[in-house]
Amino acid sequence: MLVSFCNSQAQDIQVIKKRVVGDLLEPSVNSNAITQLVQSIQPDGTWPGINYKDVSRTGFQHKDHLENMLTLARVYKKPGSPFFGDAAVKKAFSAALDFWLAHDFRCDNWWWNEMGTPNLMINTLLVMDSSLTEKQRTEGLKIARRANLETFGARPGGDLMPIAGMLGKQALFTNSPDTLKRVIDVMAREIKISTGRGLKPDMSFHHRTDNVISILTYGSNFAGSFAYWAARIHGTQFSFPETSMKLLVDYYLDGICQALIYATYPDPGAMNRDISRRNALEKEDISLPQNLLAATDYRAPELETVIRARKGEIRYNRTRDRYFWYSHYYTHQRPGYYASVRMHSARANNMEEPHNEEGIKNHHYGDGSLFISRTGHEFFNIFPVWDWQKIPGTTILQKTDVPHWRQLAKKGRTDFSGGLSDGVYGVAAFDFASVHDPLKAHKAWFFFDNEIVCLGAGIHADTALPVLTTLNQCLLNNQVIVGANNKTTTLKTGKHVLPAVSWVYHDSVAYIFPQPAGVNISNGEATGSWRRINHQAWATEETVKENVFALWLDHGVQPQNAGYAWIVVPGIDAASAAAYSKKTPVKILVNTPDLQAVQHTALQRTGIVFYKAGTVRINDKLTLAATAPCLVMINANGAVAGSIAVSDPTQKLTALQIKVNERIIDVSLPKGDDSGSTVMVR
């Protein structure tokens, strides 16, 4: 019986190994590139153009050498490749591998030593396998084994899952079923809800203990590694338990995909230092949902929809709002646009640390940023030329420059930061106190179908510098049109300071001002460089140029009680924007430092932000009061109140009272893991 079991394990190992090696062989062959690699390699096994001396955190071009090795291995072993079994390719490969083994390069960044290099090494070993010398197998495996579950990098959360996957490949290379079983058990145990590192109760993801969202970086690597192995071990005795599969699918669809525009393009608002990398916002491929679909039929139609949307076969038409209360992140999905708000609080840092000197201008990125996307291309590679003190949605004190990047990440200063949603509509609000400057403001966003209402009140600065609130700063796409004093003007390229503006239109998005406002607009070329925002070796001082649209409000120098109000209407034309500005279904009921409230008359919904206990008149027949700071959204028609949604942005309360006219409603608020989430009161 034991022999039979062992034989079965050995057979399954070979099945899984064949699948994994097949993946490694899949990329197409670029014959010209291969010929160049073979011809340019030096007698000592090096390639010209690679700096082999710089092993710093911002350098380590050695990765190019490792990738060249894998490329040569692939074309040598790939059936149908013009270089299949080619002696010159084999000679070049062996020279390159022997050179690496002789020098065993280590980077000042632990990640390369424990993850990057071991991953490329084990992939190379798996591909070449029987074509390796015994020394190459033994010495290469030593390097690959630096990815293991006992190292610093194998922490719960984002890095443990990919490292476990690398150990799984080592098990395939050495034909070790015990090691593979251990890997699968570790990965399955990682698929769990955690209040520490990892997957959070709200379906967001934290890699570190700073409570900064990392759903599209470490959180996607976490899901991607698990999904990859789920598909490769499916149908074998090593398969993951269904409970783990279901939770991972829930996280992918309700977490990751909620942070993607049309489930396809990364939301800039969920990014961290990775926003300073070239092509950071390129569309997601289909591999992750495809792997999940290969391993389970749980929520299969939704996974299929994501795949078809990414292939361009269908339009992703989801209508859904979700507030991630662990991550200070609000998301708003509509068939024609996507928007998000990002905040911080005394429970979280304002932003991820700029590790490895990436994202070195991100100081204000989480200060109430509002990203609006219609296509997913609005911010693609704009960041080298961005004004980093005009981040969309934020209110920022205008300094000569942001502080040094070592001063970037700091813990937030106020408790009141949160959101609520009934799944379709919602509110986000922020008692904003800058972690860098003597600046405060109360900022709120109200999300409906066709519009988002943005309010600011109590804007106060104690330094004699101007304070600006930016509505947007994105790639310029065609004309900018302005409506003021019942006249419509198409702006010429340049910088504009305009009084009494009723609306601004750009790239199918209208910005409506309920009360005419003075605005500043820039529509023209901006210059910069990748080196401004990223100190990795690839990021040069070479000038980058982009045409940029920026729209902002100037609150003046040292404002004491300034405010703002505007309505974003995506998916509209200029003529409709003009008509909307004259007749809007939105009413701003209150906008003060104590209370902000917006009503959508057509939807019969009112969103309310109570920064302290207070009362708001919803209409002539209905008032609503709260006994403590909270967010409320009420569905009401005249004196008839329907559903009421409530949340506690401070995450400190256990209960409060809502009074609707004379009716008192005792609201028990979520506790523990769910503190800050929305409770529905009928």
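This report describes salt bridges, one helix and the internal cavities of a predicted model.

**Salt bridges**

A search of the whole structure finds 26 salt bridges, and three of the pairs are set out below.

| Pair | N to O distance | Location |
|---|---|---|
| Lys181 and Asp185 | 3.1 Å | both in helix α8 (residues 177-190) |
| Arg299 and Asp254 | 3.0 Å | loop between α11 (287-295) and α12 (300-311); helix α10 (residues 242-256) |
| Arg320 and Asp254 | 3.1 Å | strand β5 (residues 320-324); helix α10 |

The pair in α8 is local, since Lys181 and Asp185 stand 4 residues apart, about one turn of the helix. Lys181 is partly exposed, with a relative accessible area of 44%, and Asp185 is likewise partly exposed, at 31%.

Asp254 in helix α10 takes part in two salt bridges, one with Arg299 and one with Arg320. Because Arg299 lies in the loop between α11 and α12 while Asp254 lies in α10, their contact ties together parts that are 45 residues apart in sequence. Both Arg299 and Asp254 are buried. The contact with Arg320 reaches strand β5, and so this pair ties together parts that are 66 residues apart in sequence. Arg320 counts as buried because its relative accessibility is 14%, under the limit of 20%, and Asp254 counts as buried at 11%.

Elsewhere, Arg208, Arg273, Arg277, Glu352 and Glu358 are linked in a network of salt bridges.

**Helix α3**

Helix α3 covers residues 62-77, and its 16 residues should span 22 Å at 1.5 Å a residue, which agrees with the 23 Å that separates its end C-alpha atoms. Among the buried residues of α3 are His62, His65, Leu66, Asn68, Met69, Leu70 and Leu72, and also Ala73, Arg74, Val75 and Tyr76.

**Cavities**

The structure holds 5 cavities of 30 Å³ or more, and the largest of them encloses about 70 Å³ of space. Its lining consists of Ile372, Ser373, Arg374, Glu378, Asn472, Cys474, His506, Asp507, Val509 and Tyr511. The elements that give two or more residues to this lining are β8 (369-373), β14 (466-475) and β18 (509-528). By class, the lining of the largest cavity comprises 4 nonpolar, 3 polar and 3 charged residues.

The second largest cavity has a volume of about 50 Å³, and the residues that line it are Asn211, Val212, Ile213, Ser327, His328, Arg342, Met343, Ala348, Asn349, Asn350 and Met351. The lining of this second cavity divides into 5 nonpolar, 5 polar and 1 charged.

Terms used:
Residues numbered from 1 in each chain as written. Predicted model: local features only at pLDDT ≥ 70, side-chain atom pairs only at ≥ 80, totals over all residues. Heavy atoms only, no water. Salt bridge = Lys/Arg side-chain N within 4 Å of Asp/Glu carboxyl O. Buried < 20%, exposed > 50% of the residue type's maximum accessible area, 1.4 Å probe, protein only. Expected span 1.5 Å × (residues − 1). 1 Å grid on protein atoms, 1.4 Å probe; cavity = no way out; pocket = protein on both sides within 12 Å on 5 of 7 lines; lining within 4 Å. Points joined across faces, edges and corners; volume = space filled by probe spheres on them. Nonpolar A, V, L, I, M, F, W, Y, C, P; charged D, E, K, R; others polar.
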